[in-house]
Amino acid sequence: MEFMTVPKELQLHSLEEKLVALRIPFMQIRELPRGRQLNLKGNVVNVAADVSSTCRLLPRRLDESMTIPVKFKRKLSYKHSVQSENVRPTKVIAAAKWLVANSQLYKDENVTINQNWNETIVQMDDDWQEFMESPMKKPDEDKNAEILIGTTPTGQINHGDNPDSDDDWTEPQSEDMQPAGTLDTMLTPEFQDQSQLAYCVAPDEGFRVLQTLRGSPPYWEKSKRELFAMIRQLGIPTWFLSFSAAETRWLHLLKILGRTVNNKNYTDEDVRNMTWNEKSDLIQSDPVTCARHFDYMFRRFLNDFLYSSYHPVGEIMDHFYRVEFQQRGSPHIHMLVWVNNAPTYETSTTTEVVSFIDTYVTCNKPETINQTVTLQSHSHAKTCKKKRTGVCRFGFPIPPMSRTMILKPLEDQVNDKITELYKQIQAYLCDLKLAEDITDTFEDMLIKLESTEEDYILAVRSSITSDKIFLKRSPSEVRINGYNKILLETWKANMDIQYVLDPYACAMYIVSYISKGQRGMSNLMQRATQEAREGNMDIKQQVRHIGNKFLNHVEMSAQEAVYLVLQMSLRKASRDFVFLNTSPPEDRTILIKPLQYIQQLPDNSTDIECMGLIKKYAARPRALQHYCLADFAAWFDITTDNTNKASSNDCEIHDNANDDDIIPSEEYANHESESNIDAEDSIMENVVEDECYTVGALSYRKRKKAKVIRYVRFNKENDTEKYYREQLMLFLPWKSESSLMMKCTTYQERYIQVKSKIEEKESEYNHSGDIIDEHPTQDIEKKLIEKRKINSR
């Protein structure tokens, strides 16, 4: 795929492009401290421009070499301009004519240019006098033309003495001027009832308006809930994996950038001879190619290598990953993988787990791949010694070990001897540098410390707060992060691989990394929600206040902007997800049918609700009667055959459905006896691979891989009856929700009658539910903060 050649009419300078643009974007762009990539702060405002008016204002002379000075301001009354430049009127008008004639966007906007306007030049006034008295910049000197608000060499916004330069200038003062957008979607006439609006804002529904905005805190919060559900259903993952970008080291990427940026075909030797600044300029100049290349490279790496028959980290069954953007602006992958038949820490022996880890993970520093392993060497930076504690938050240097071990924290109180020994170990490790001449062995270290291996292990155990893996490591490898040799040589950039010890460690990882980079923004959004509620605002103002807080404080790098604009995946899993609203019917939010369908209904009809998944389950064909709701949602896709539809609403069961295929509710009460429930036990074994059923316009097709189900998960102590109702609803077959209790007086009583069957079915969807739960996330975050405080002492 190639971009079209830019016509000569559109070969304009920066300000000339703005004069013929339909939308003029205003934004704050800064240079990031590492790698010199660009960063966007706050929201982007697209100001509509009238191209026809612009062309009428431009003077036109027969001399095509004529240029005129133009100052570009946010508002005409402002003293200072955003950008100033000499423009060529003939070029601008030629470009406008070409766009009107050839661009579909301009045609859609009905842009026209009057060919008969007066060609006399505008008389010089005070504004022209201002141009004449101030130095002008030549068009070819506009190196940073894309940066609409000027930046200083330090990367800070330079507003000068402009009193109008506040960060929140994008908020219109007049409510009539407020543009419609995401934040107004819940303010439509259907929500004019104040009680309905209050209900939306009370449970933070106003906050969740941003859930569909990729990269926002609610977006990542939803991803975190989906990942917790995936872990509950599939069990604890086997590996944590992370993969970084190395744009300045990837020769193939720099050669591509050479062609796209400089139109030159660099050789490998040319790229190796480039300075760091030259490489950084190439990367900064084309973030689109950098981002797309990383995305393409990782997808190929995942599909063609990690999932290959070679099994570099074991036979991967499932995965989940998200794209995070580092402080330098480049993408970074955080990934969880499930490996088939991998040993687990709680059920397998320690020897089996250690042997499995040693098979795939090492921190060895062999001479044959020394150049690659340097990517795994840790050097302290400001980011790893925050709050001036002097202690690396990543735990480097890591204590050497004679063999790979899984250590537990000490249960007894640590004596002074062990405490003093650990201080000596830290002092010894800090004296070790990255020099190649470190020849000390593990035994040499013990001699220098005047310690036995047993006391050394006790000292290391005194420093940890949970079970932890220590790889076999010599003193020369204390700053080498663990890696997989095959993955590192293939990826050719920094990576990390860790074995998942227990569910709590997995939950800590999710809180620390899956929502990493959004924690501060989440706190800001929570404060904004609180401010909106405590302030004297109506519902509409509250929602707008929350949205503007996010838009005005969000920051993103140029490559992250590329991911968002090009709709590239920020997260991806090997399984699909489905949410089952197991609340009582009166507490559910319903989806209304399309307006054109509602208009065709009789005046006295109340049939306005779309047929959701739960209703489709109740109307399932007779052959699927023994499926519980959890199995039905996880294993079946429901599609609509447009050729057989009796109406335009694809959510309905139609009149041409075969009544013999649908079990009536009354008959189902008899089917739902104990003997019929027993038939459920073997249903999964009797299903054919291509199982498909059709009822009217609806087709039920079985999947080859089950979806991950999410549901409300009521608290057993606080919502007892709702909890037991949810269990019955999910894990026992039923035809009507009103029949869940059968002849019992409470849901709990009915649950006790079929407890063994429910527990057996629930075990298929809840491998780690008692420990991995989305509700105590805040408790995990508090424990994570406490752990960091302990490590910083």
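Which residue forms a salt bridge with Arg571, and how far apart are the closest N and O atoms? Some notes on that and a few other spots, bearing in mind that this is a predicted model.

1. The partner is Glu226: Arg571 forms a salt bridge with Glu226, with the closest N and O atoms 2.8 Å apart. Arg571 sits in strand 12 and Glu226 in helix 7 (residues 217–234), so this pair ties together parts that are 345 residues apart in sequence. As for the surroundings, Glu226 is buried at 6% relative accessible area, while Arg571 is partly exposed at 22%.

2. Now for the sheet that Arg571 belongs to. It is an open one, with 5 strands in the order 10-5-7-6-12 and antiparallel pairing. Strand 10 (495–499) and strand 12 (571–573) are the edge strands; each has a single partner, so one side of each has no neighbour in the sheet. On average, neighbouring strands are turned by 15° against each other, direction ignored.

3. Strand 12 pairs with strand 6 (residues 316–325) in the antiparallel sense, over 3 bridges. In that pairing Arg571 of strand 12 stands opposite another arginine, Arg322. Two helices pack on the sheet, so to have them side by side: helix 12 (residues 350–360) touches strand 5 (239–244) and strand 10, its direction making about 165° with that of strand 10. Helix 21 (residues 558–565) touches strand 6 and strand 7 (331–339), at about 125° to the direction of strand 6.

4. Back to charges: the count comes to 25 salt bridges. One of them joins Arg703 to Asp637, with the closest N and O atoms 3.0 Å apart. Arg703 lies in the loop between strand 16 (698–702) and strand 17 (708–711), and Asp637 in strand 14 (residues 636–640), so this pair ties together parts 66 residues apart in sequence. Here the arginine is the buried one, at 17%, and Asp637 is partly exposed at 27%. Both belong to a salt-bridge network that links Asp576, Asp637, Arg703 and Lys707.

5. Then there's a local pair. Glu759 and Lys755 form a salt bridge with the closest N and O atoms 3.9 Å apart. They are 4 residues apart in helix 29 (residues 755–762), so about one helical turn separates them. Glu759 is partly exposed at 39%, and Lys755 is partly exposed at 39% too.

6. Finally, a helix pair. The axes of helix 8 (residues 251–261) and helix 11 (residues 287–306) come within 11 Å and cross at roughly 145°, and the crossing is right-handed. Helix 8 brings His252, Leu253, Ile256, Leu257 and Thr260 to the contact, and helix 11 brings Thr289, Cys290, His293 and Met297. Those residues divide into 5 nonpolar, 4 polar and no charged.

Note on methods:
Residues are numbered from 1 along each chain as its sequence is written. This is a predicted model: local features need pLDDT of at least 70, side-chain atom pairs count only at pLDDT 80 or more; totals for chains, interfaces and linings use all residues. Side-chain values use heavy atoms; hydrogens and water are left out. Axes are lines fitted to C-alpha atoms, for helices over the stretch in contact, and angles run from 0 to 180 degrees between N-to-C directions. A crossing is left-handed if the near helix is turned anticlockwise from the far one by less than a right angle, and right-handed if clockwise. Contact means heavy atoms within 4.5 Å. Ala, Val, Leu, Ile, Met, Phe, Trp, Tyr, Cys and Pro count as nonpolar, Asp, Glu, Lys and Arg as charged, and the others, Gly among them, as polar. Two strands pair if DSSP finds at least two bridges between them. A salt bridge is a side-chain nitrogen of Lys or Arg within 4 Å of a carboxyl oxygen of Asp or Glu. Buried means under 20% relative accessible area, exposed over 50%, partly exposed in between (1.4 Å probe, protein chains only).
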